[in-house]
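This report considers selected contacts within and between the chains of the structure shown below. It takes up a helix and its pairing partners, then other charged pairs, and lastly the chain interface and one residue of the second chain.

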Amino acid sequence: MAATDYTPEHQLFRETVRKFVEEELRPRAREFDEMGRIDKSLFKKMGELGMLGLRYDPKYGGAGLDWSYSAVMFEELGRSDNAGVTMGISVQTDMATPSLAQFGDEELKQKYLVPAIAGEMVAAIAVTEPDAGSDVAGIKTRAVRDGDDWVINGSKTYITNAATADWLCLLVVTDPDAGYGGYSQIVLPTDLPGIRYELLDKIGNLGSDTGLFYFDNVRVPVANTIGDIGRGFQQQMMQFQDERLVACVSSMAGSEHLWQETRRWAEERRLFGKPLSKMQNTQFKMVELWTLINAAKELTRACVEKRVAGEDATELITMAKLFCGRVSRQVADECIQFHGGYGYMKESMAGRAFVDSRLISIGGGSDETMMHYLAKQLGF
Amino acid sequence: MKILVCLKQVPHKDARLEIGSDGTWIKEDGIKFEINDYDNYALEEALRLKDAGEAEVVVATIGPDRVTQSLRTALGMGADRAIHVWDDSLANADSLGIAKVLAAVAKEENFDVVFCGLMSDDSNYAMVGPMLAQLLDIPHVTAVVKTDFENGAVKVEKELEGGTLEVSQVPLPCLLAVQTGINEVRYASLKGIMQAKKKPLDKKALSDIGLDGAAVAPKLSIEKIYTPPKGEGANLLSGSADEIATQMVGKIKELGLL
């Protein structure tokens, strides 16, 4: 039983997600790489299974559950053999929709949250800009009010689900003189005139469609603002917590899966007359990695439990994000070494993990952003 | 319509199996279990009847505490209630013993249809279904690949050798032992899982269904299970694809098979 299987329902939900991963995602993992995105119809299937609204109000089609179920889901999705696909799904569930669910008004939730939970609409989060990433306050995309509309100009980059998204949770500057009170979050349908995107060519996470958006005098109703005008920065900071915790859970599931596959490889691979797994160097390295993975999983579990208990987990999640990113990179690096030449092939799970895991230390706030926050918290 | 689906919990298809110390079965400690794949299709067939109209779907299984997980999965998929029978004397039960227990369960209610999988993934006997039908004195069809229920009977397609199909009309009540691939098995949705919490799961001892250990004592016992030793004498052919093909034809001719 996994650490987050608190009840029989958790176990059953794990079974369902595992089956979905084994039947729908893993067999098509390389196909999604080729396509550069997940098959959009799978969102509908995930919606029917209840996977896209775990913590959201049943009134909007959600399940009204807590973070422990999200942990179960991403522990299983992390084993999909396609980190890009897992990321695309997590953008829908934990990066682009939490603010809308928490702060959006009834009409906005009916129009955009309900179909997102049902998998009929795909969402993306649009914060990063060509000149502002982890420094969120440095964004320049501007929304100027014109009657009942916002008129938006600017660009957003590294947007996951760029080609599949039906709407963006867009962070814009609505009052450049109001400091942290000058940002707003807006639901922006992607089919509006004045929006165009181009896809970006990444080194890893190939199963997700990452793009650059341009907004040229895009008009959207002011009614599409999520929560209060001017509260976008604060709302986005809260939304980041879910994003980071998802990254911890899914990256450690991926690392564990890779470790297990590497062990299988080491047991079968024979060198100098004996299996690789019987060599002390292999055993010591594998044990070391296992210790790191378990330490990271335990830290992550502590974060999940704080979230379940409704406590502020910001500091712990920040540490977990920093630690999990580094552990996943180390695991991938060492596992490539065990695989030798094969590990350097694109078809090798270790090789893919090597480039995929690199993103954990960058996306959702870089390692340096995490350390900057922690240094402040510790009084430096 | 009242439907009974007989389920068996078997080792997970990805479990790393090791032979137990007495050499008669695998080590069950620490491995995961799941619903026998054939039985998943049987359950799905029953749930489709339920979806199509008025039907109650009851699932039954025999096994230690761990099998409740599979029953909960079945309830999460849409079954209405579950029956779990266990007694330590059933630990080494043979097919007839299992069929007797299921017959006793089935006799307590008037089921119109009993569904089961064609066989189990672990022991492969394929006997429980036909034996159960015999004990219940109802007709049965095995290797079912299609069902069409109409007017108190079912038109059944059964798989024969070489892709041939046999069609028969069977009156209800009857037992159908289902082949895999007959349908697309649904997942237990989160909503279904949460609803399953409130569905009845009856635990029964042998005495609750009018049986005792002697009645189900096995007549068949496993002497040993083992991994076949690696064979010898394989001919490895080398060369280009054309060369290998030529060598292969030569070998086949040598053996007088061509």
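Is Asp367(A) buried or exposed? In this predicted model, Asp367(A) is buried, because its relative accessible area is 2%.

**Helix H12 of chain A**

Asp367(A) belongs to helix H12 of chain A, which spans residues 367–377 and has Met370(A) and Leu374(A) as its other buried residues. These buried residues lie on the same side of H12(A), because the arc they cover around the axis is only 65 degrees. The packing partners of the buried residues are helix H8 (232–268) and helix H10 (314–339) of chain A. On the face turned away from the buried side, H12(A) carries the exposed residues Glu368(A), His372(A) and Lys376(A). Gly379(A), just after H12(A), takes a positive phi of about 85 degrees.

A charged pair also involves this helix: Asp367(A) and Arg329(A) meet through their side chains in a salt bridge, at 3.6 Å from N to O. The pair links distant parts of the chain, with Asp367(A) in helix H12 and Arg329(A) in helix H10 of chain A, 38 residues apart. Unlike the buried Asp367(A), Arg329(A) is partly exposed, with a relative accessible area of 26%.

**Salt bridges**

Over all chains, a search of the whole structure finds 42 salt bridges. Four of them are listed here.

| Residues | N to O distance |
|---|---|
| Glu76(A) and Arg14(A) | 2.7 Å |
| Arg307(A) and Asp242(A) | 2.8 Å |
| Asp367(A) and Arg329(A) | 3.6 Å |
| Lys45(A) and Glu184(B) | 3.8 Å |

Glu76(A) and Arg14(A) form a salt bridge through their side chains. This pair links helix H4 (residues 67–77), which holds Glu76(A), to helix H1 (residues 8–25), which holds Arg14(A), across 62 residues of chain A. Glu76(A) is buried at a relative accessible area of 2%, and Arg14(A) is buried at 7%.

Another salt bridge joins the side chains of Arg307(A) and Asp242(A). Arg307(A) lies in helix H9 (residues 280–308) and Asp242(A) in helix H8 of chain A, so this pair ties together parts that are 65 residues apart in sequence. Arg307(A) counts as partly exposed at 27% relative accessibility, whereas Asp242(A) counts as buried at 6%.

**Interface of chain B and chain A**

How many residues of chain B are in contact with chain A? The contact involves 18 residues of chain B and 22 residues of chain A. About 1,700 Å² of area is buried between the two chains, and carbon and sulfur atoms give 54% of it. The interface has two salt bridges, and one of the pairs across the chains is Lys45(A) with Glu184(B). Seven residue pairs are in polar contact across the interface. On the side of chain B that touches chain A, the elements giving two or more residues are helix H2 (68–77) and helix H5 (190–196) of chain B. The residues on that side comprise six nonpolar, four polar and eight charged.

**Thr61(B)**

Within chain B, Thr61(B) lies in strand E4 (residues 56–62). Thr61(B) counts as buried at 4% relative accessibility. Its side chain reaches the backbone oxygen of Leu7(B) at 2.7 Å. Beyond neighbours within four places in sequence, the contacts of Thr61(B) include Lys8(B), Gln9(B), Val67(B), Leu71(B) and Ile83(B).

Methods:
Residues are numbered from 1 along each chain as its sequence is written. Chains are lettered from A and ligands numbered from 1 in the order in which they are written. This is a predicted model: local features need pLDDT of at least 70, side-chain atom pairs count only at pLDDT 80 or more; totals for chains, interfaces and linings use all residues. Side-chain values use heavy atoms; hydrogens and water are left out. Contact means heavy atoms within 4.5 Å. Buried area is the accessible area (1.4 Å probe) that two parts lose on being put together, summed over both. A salt bridge is a side-chain nitrogen of Lys or Arg within 4 Å of a carboxyl oxygen of Asp or Glu. A polar contact is a pair of N or O atoms within 3.5 Å; within protein, one must be able to donate a hydrogen and the other to accept it, and residues adjacent in sequence count only if both atoms are side-chain atoms. Helices (H or I, at least four residues) and strands (E, at least two) are DSSP runs, numbered from the N terminus. Ala, Val, Leu, Ile, Met, Phe, Trp, Tyr, Cys and Pro count as nonpolar, Asp, Glu, Lys and Arg as charged, and the others, Gly among them, as polar. Buried means under 20% relative accessible area, exposed over 50%, partly exposed in between (1.4 Å probe, protein chains only). The arc is that of the directions from the helix axis to the C-beta atoms.
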